[in-house]
Amino acid sequence: MAFQEAVAKSSKYSDCETWNAKGKLNPNDQLEGYYYDREDFTTKYGDMMIAIIKQGDQFIKVVGQSDIKNKFAEIPFGAKVQITYVGLVEVDRGTKKAYKVMFDPEDTIETERKEK
């Protein structure tokens, strides 16, 4: 038996800008583009996802736990989306970031992913 070196697999979109990075957004900031792909992962805070938005020839990441993740569950890949940061809202356990997510299922692009 021979040992092989384990190499960390980096995300396909690791070099992309994260639109909603901590401390970066102001209420009513918007992102518009096409829902191109998603990456799911688990953290100590629970299940999360990264929505990959294509804007022109650029890819932008939108990280989400409950609010973003749940809203993107019904959006088909390739659909045009508009995400608006609402701001912090009160929830049972304190505050969380809230977003308004709109999509147009008729304005689409071709993507590698086919399912929701």
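Two strands count as paired if DSSP finds at least two bridges between them. With that in mind, open this predicted model and start at the strands.

Select β5, residues 79-91, together with β6, residues 94-108. The two strands pair in the antiparallel sense, with twelve bridges between them. For one of the bridge partners, pick valine 89 and look across to β6, where lysine 96 is its partner. Then follow the chain from β5 into β6: the connection is a hairpin of two residues.

Next, keep β5 and add β2, residues 30-43. These strands also run antiparallel, joined by five bridges. Select tyrosine 34 and lysine 80 of β5, which stand opposite each other.

Now turn to the nonpolar side chains. The largest nonpolar core holds 19 residues. Select Trp19, Tyr35, Ile53, Phe72 and Ile83, the members with the most contacts inside this core. Elements giving two or more residues to the core are β2, β3 (46-55), β4 (58-64), α1 (66-72), β5 and β6. Which element gives the most to this core? That is β5, with four residues.

Stay on Trp19 and display what lies within 4.5 Å of its heavy atoms. Setting aside neighbours within four places in sequence, tryptophan 19 is in contact with Lys24, Leu25, Asp29, Gln30, Leu31, Ile60, Lys61, Val62, Ile83, Tyr85 and Tyr99. Ile83 is thus on this list and also among the core residues selected above.

Last, select Tyr13, Cys16, Tyr36 and Ile50. They belong to a second, separate core, which has five residues.

Methods:
Residues numbered from 1 in each chain as written. Predicted model: local features only at pLDDT ≥ 70, side-chain atom pairs only at ≥ 80, totals over all residues. Heavy atoms only, no water. Core = buried A, V, L, I, M, F, W, Y, C linked by side-chain atoms within 4.5 Å. Buried < 20%, exposed > 50% of the residue type's maximum accessible area, 1.4 Å probe, protein only.
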